[in-house]
Amino acid sequence: MRTAPVNIVPATDQRSPTAQLSIRNVTKVFPGKKGVFNKLTGKTKGDFVAIQDINLEIEPNTFVSIIGPSGCGKSTLLNMIAGLSPISGGEILLNGVPITKPGPDRGMVFQNYALMPWMTVEENLRFAVETVDPKISQKKRDRILKEYIQLVGLTGAERKHPHELSGGMRQRVGIARALAIDPQMLLMDEPFGALDALTRGFLQDEIERIWEQQRKTVIMITHSIEEALLLSDRIVMMTRGPAARVDEILEVPFPRPRNRETIDQHPAYHDLKVEMESHLFRETRAVEAARVGT
Ligand code: ADP
Ligand code: MG
């Protein structure tokens, strides 16, 4: 029985005049390694269409999660937004300007942290800040480093190297580094995927707290329904691949600041969770069925 109406928005190609990021008819094709080029179609036989015709408008200061079966193309999409992977068709606009390469307007947080192992916490941040602004004054730089190290709760660990830190602390460095360059948006690809459940919970709470302070646009890929519900304003649900697309978008109405202890008492929580579970189950089951040839 439905206790509250759940706001499910079907995927559309409708454009929003206020969007910060516009993903328009975006397709990604990975060329087949041993393919034969067909001059008539312009395609190579054996090409792999990972995602096809994705449309998504992201408003400023919103927290958006992307969820979908494993291998559907979530990282592929995020990497195109980051400018790390070329777009095969369509376009992605940031403030109306097509994305063609990485830039300091987008901060990345990786699942495997991607820290420089020979640099300390402070040096990892300093490297990022100085790369983006080589002429930054020492005073301003040091103020930024202090501020972001403090923001993620790493004060006292400034001179430690990544190997001296736990996974959770390493990801705090990853988050601080991404934020220290003051990007317009934060792109996170399963940022807590490598962490144990408890550490994951702590970091989710940190992200919620930091998001309250900064309100930067976030696009986060996750496998966790609870994580998406705790953090997001909108949850984008992708279909299975190949030629994956956006199926539907859930609006998450919970007031902020959010608290993991009480969030499931909201009247919409149960229905949203059931909707996501059945979507993921349906899509993943279809992937498995295709794999075994049934
Ligand atoms: P997800 O992040 O949703 O798990 P990915 O974006 O990593 O999925 O991958 C989507 C699909 O594209 C998968 O089938 C994967 O095998 C394929 N793929 C990803 N990267 C490449 C690549 N560089 N070359 C060929 N195929 C790729
Ligand atoms: Mg991925």
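This tour moves through a predicted model, beginning at its ligand and then turning to pairs of helices and a few loops.

**Stop one: the ligand**

Begin by selecting ligand 1 together with the residues around it, which are Phe30, Phe48, Ala50, Ser70, Gly71, Cys72, Gly73, Lys74, Ser75 and Thr76. If you colour this shell by the character of its residues, you will find that four are nonpolar, five are polar and one is charged.

Now show the oxygen atoms of ligand 1 and look for the polar atoms of the protein beside them. At Gly71, a backbone N or O atom lies 2.7 Å from an oxygen atom of the ligand, while at Cys72 a polar backbone atom is 3.2 Å from an oxygen atom of ligand 1. With Ser75 you should display the side chain, since an N or O atom there is 2.8 Å from an oxygen atom of the ligand. If you switch on a surface, keep in mind that ligand 1 has 570 Å² of accessible area on its own, and that the protein covers 57% of this area.

Which elements give two or more residues to the shell around ligand 1? They are strand S5, which you can select as residues 48-58, and helix H1, which covers residues 74-82. Of the elements around the ligand, H1 gives the most to the shell, with three residues.

**Stop two: helices that cross**

Leave the ligand and select helix H2, residues 121-132, along with helix H3, residues 138-151, whose axes come within 10 Å of each other and cross at roughly 125°. An angle over 115 degrees that does not go over 145 falls into the oblique class, and H2 and H3 are therefore described as oblique to each other. The crossing of these two helices, H2 and H3, is right-handed.

Keep H3 on the screen and add helix H4, residues 167-180, so that you can follow the second pair. The axes of H3 and H4 come within 9 Å and cross at roughly 140°, and the two helices are therefore oblique to each other. Here, too, the crossing of H3 and H4 is right-handed.

**Stop three: details of the backbone in loops**

Next, select Tyr113, which is found in the loop between strand S9, residues 106-109, and helix H2. Its phi angle is near 70°, a positive value in a residue other than glycine.

Move on to Pro242, in the loop between strand S12, residues 234-238, and strand S13, residues 246-251. The peptide bond that joins Gly241 to Pro242 is cis, with an omega of about -5°.

For the last selection, go to Pro257, which sits in the loop between S13 and helix H7, residues 269-292. What form does the peptide bond from Arg256 to Pro257 take, cis or trans? The bond from Arg256 to Pro257 is cis, and its omega is near -5°.

Key:
Residues are numbered from 1 along each chain as its sequence is written. Chains are lettered from A and ligands numbered from 1 in the order in which they are written. This is a predicted model: local features need pLDDT of at least 70, side-chain atom pairs count only at pLDDT 80 or more; totals for chains, interfaces and linings use all residues. Side-chain values use heavy atoms; hydrogens and water are left out. A residue is near a molecule or strand if one of its heavy atoms lies within 4 Å of it. A polar contact is a pair of N or O atoms within 3.5 Å; within protein, one must be able to donate a hydrogen and the other to accept it, and residues adjacent in sequence count only if both atoms are side-chain atoms. Accessible areas come from the Shrake-Rupley method with a 1.4 Å probe; for residues, only the protein chains shown count as cover. Helices (H or I, at least four residues) and strands (E, at least two) are DSSP runs, numbered from the N terminus. Ala, Val, Leu, Ile, Met, Phe, Trp, Tyr, Cys and Pro count as nonpolar, Asp, Glu, Lys and Arg as charged, and the others, Gly among them, as polar. Axes are lines fitted to C-alpha atoms, for helices over the stretch in contact, and angles run from 0 to 180 degrees between N-to-C directions. Angles under 35 degrees count as roughly parallel, over 145 as roughly antiparallel, 65 to 115 as roughly perpendicular and the rest as oblique. A crossing is left-handed if the near helix is turned anticlockwise from the far one by less than a right angle, and right-handed if clockwise.
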